[in-house]
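User: Please take a close look at one part of this model and describe how it is built into its surroundings. A plain account is enough.

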Amino acid sequence: MPIRVLSEEVASKIAAGEVVERPASVVKELVENSIDAGAREIKVEVRRGGRRLMRVIDDGTGIPADEVELAFARHATSKIASVEELSSIATLGFRGEALASIAAVSQLTIVTRAAEEDGGTPRVGTLLRLEGGKVTHRQKKGCPQGTVITVENLFYNVPARLKFLRAETTERKHIDGLVYSYGMAYPHLRFSLLNDGRLTFQSLGSGELYDVLIEVYGLEVAQQMIEVRASETDDLGLVDVHGYISPPPLHRANRSYLTFFVNGRWVKDRMLSYAVSEAYHTLLPTRRHPIVVLRLELNPSQVDINVHPTKSEVRFLDSNMVFAAVQKAVRRTLVDQAPIPRMTGRPSQQPFGWAQDRPALDMERWRRLVEVGTQARAVGIETPSALEFPESAKLPPLRVLGQVAQTYIIAEGPEGLYLIDQHAAHERVLYERLLAERAKMAITSQSLLEPLTIELPREASGESGGTPRLEFLSQLGFDIEPFGGETYLVRAVPTMLATGDIGQAIAEIVDGLTEGDAAEAGEEGALISLVCHSAVRAGKTLSQSEMRDLIRQLEGTAMPRTCPHGRPTMIHLSAEQLAREFGRR
Ligand code: ADP
Ligand code: MG
């Protein structure tokens with residue numbers, strides 16, 4: 001075929017494909033336009049997961065009658081005029097592509113009215129209808145100030161795209177997630193979402209992110225979330241990190257509960273997710289993820305927002321700095337604030353586990369929050385319902401009372417009774433000690449009276465081109481040498497392991513090293529295995545002084561409340577709870 005310039009129609013459909021990937025992308029662009037137009041209230045209506053219809057209604061500035069057609073022209077925008085302005089954009093949109101793209105692949109109706117201008121006809125706006133990007137109808141129409149855009153039958157003229165749409169419920173979930181996210185990014189705006197005629201989400205526009213969290217995740221989850229508020233400065237400027245993060249005992253099976261906003265823009269960013277995972281390192285069970293809503297504010301010149309047609313990815317000028325800022329902010333908050341899980345006798349008696357120490361809301365507002373929160377709860381709540389989180393931060397001074405089931409240490413503190421899992425607590429102590437010793441290259445090792453014979457898979461020695469695992473093991477304090485075939489002789493082990501199950505520990509460490517997807521993850525797992533096999537077992541009777549020692553060592557750790565696998569080391573039964581259980585109160 002000879003080379004030729006594509007027809008306007010084909011070109012516009014191709015371009016539309018970049019912006020409009022699925023129904024949620026339409027909602028995203030329309031909502032962003034409403035926000036840019038200064039709306040205070042944004043209503044989103046969706047039918048059949050957006051495949052049939054999506055409508056966004058706002059009370060923003062509206063579009064003057066003589067500019068409505070222009071808004072649908074490609075690269076038509078009122079938001080920037082020059083390339084220089086790209087580096088200091090304060091609006092969400094700037095590419096001038098969205099309306100043109102959406103109109104090209106749907107049947108679209110806009111009803112809009114700008115604030116009354118001099119000489120303009122009061123209360124009369126414009127209705128414009130487009131099909132496949134072509135205007136088919138225009139009329140004057142009485143309407144309130146603002147804009148209503150209705151997008152019907154998305155991809156009706158692009159069968160190839162239509163085929164790729166997922167089930168209605170999937171598309172609907174994407175739209176839900178999007179509206180929740182914008183609700184959280186803009187707590188001072190009132191959002192509502194109607195799915196097939198049913199109100200499924202509504203934010204109050206109170207300006208408090210916390211209120212929106214309640215609506216998105218439900219009161220029970222919101223109440224446990226910990227506030228993050230941090231500013232990091234360096235030569236390039238300031239990064240403000242604020243939002244909410246879940247305490248370690250509250251977690252989810254996937255990463256979709258990580259929400260980030262950069263200068264008010266909802267972004268998907270692997271670096272940011274990674275910074276958060278790092279901050280929660282060893283605090284969560286493997287393959288579990290926190291719930292996080294973080295807003296980053298930084299100098300616009302530090303962010304390139306023009307890297308992707310849907311503007312959902314950004315590039316940071318100094319991504320190391322941003323990474324460090326986020327990781328530090330989250331980690332510090334967790335260290336300072338993550339509370340000890342508290343045992344509650346009868347959780348159902350306390351509706352939503354309402355914490356006493358939150359400032360009281362007025363009842364009417366509270367009822368409303370609960371109602372909306374229940375309706376909008378995004379997903380089931382997985383937090384153990386018997387756990388509740390008081391504000392108490394640091395590990396309190398504890399007095400050992402005894403041991404139960406040869407597994408738990410009972411201790412008394414200023415706020416009641418504490419049960420400490422001896423194995424988990426010891427793991428935490430050993431893990432931090434191991435990290436410290438490793439950093440100083442000072443892991444002590446102990447020779448075995450008689451060398452131990454073990455079998456290891458071949459690659460453990462590094463012979464098959466794999467990484468030299470024996471070398472890593474020797475860094476940990478093992479002295480292991482090949483003894484022919486798959487047999488090895490263990491001559492010395494890390495001191496902490498000397499009384500543990502050596503063969504089992506080595507097998508697990510080696511497994512971990514070969515399994516780990518990243519070398520680092522593998523080594524991390526190896527350290528945790530070592531610690532796990534070195535720590536005192538459940539089922540072992542401990543003397544008073546052993547228990548006191550353990551508690552004292554636990555007090556000295558940076559993260560006393562979870563073991564390196566992310567399980568809690570202790571639970572708390574408060575004095576009030578005891579009093580309640582005994583009917584004293
Ligand atoms: P961009 O947002 O990148 O400018 P769009 O194609 O999304 O491009 O919108 C084109 C223009 O239409 C905007 O610059 C704005 O002037 C106008 N517009 C779109 N939606 C609205 C709205 N809801 N209210 C007021 N003006 C709007
Ligand atoms: Mg736009």
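How many residues lie between E11 and E12 in the hairpin, and which residue in the turn has a positive phi?

Analyst: The model is a predicted one. In the hairpin formed by E11 and E12, 2 residues lie between the strands. The turn residue with a positive phi is asparagine 263, at about 45°.

The pairing around the hairpin is as follows. E11 covers residues 258-262, and E12 covers residues 265-267. These two strands run antiparallel and are joined by 3 bridges. In this pairing, arginine 265 of E12 is the residue opposite valine 262.

E11 also pairs with E13, which spans residues 292-298. Here 5 bridges make the connection, and the strands run parallel. Leucine 294 in E13 stands opposite phenylalanine 260. E11 thus has an antiparallel pairing with E12 and a parallel pairing with E13.

As for burial, the side chains of E11 split between two directions: Leu258, Phe260 and Val262 point one way, while Thr259 and Phe261 point the other way. Residues on both sides are buried. Buried is taken here as under 20% relative accessible area. Because 5 of the 5 residues of E11 are buried, the strand is largely enclosed by the rest of the structure.

Taken together by residue, Phe260 is buried and stands opposite leucine 294. Val262 is likewise buried and stands opposite arginine 265, with asparagine 263 in the turn of the hairpin.

Note on methods:
Residues numbered from 1 in each chain as written. Chains lettered and ligands numbered in written order. Predicted model: local features only at pLDDT ≥ 70, side-chain atom pairs only at ≥ 80, totals over all residues. Heavy atoms only, no water. Buried < 20%, exposed > 50% of the residue type's maximum accessible area, 1.4 Å probe, protein only. Helix = DSSP H or I, 4+ residues; strand = E, 2+ residues; numbered from the N terminus. Pairing = 2+ DSSP bridges.
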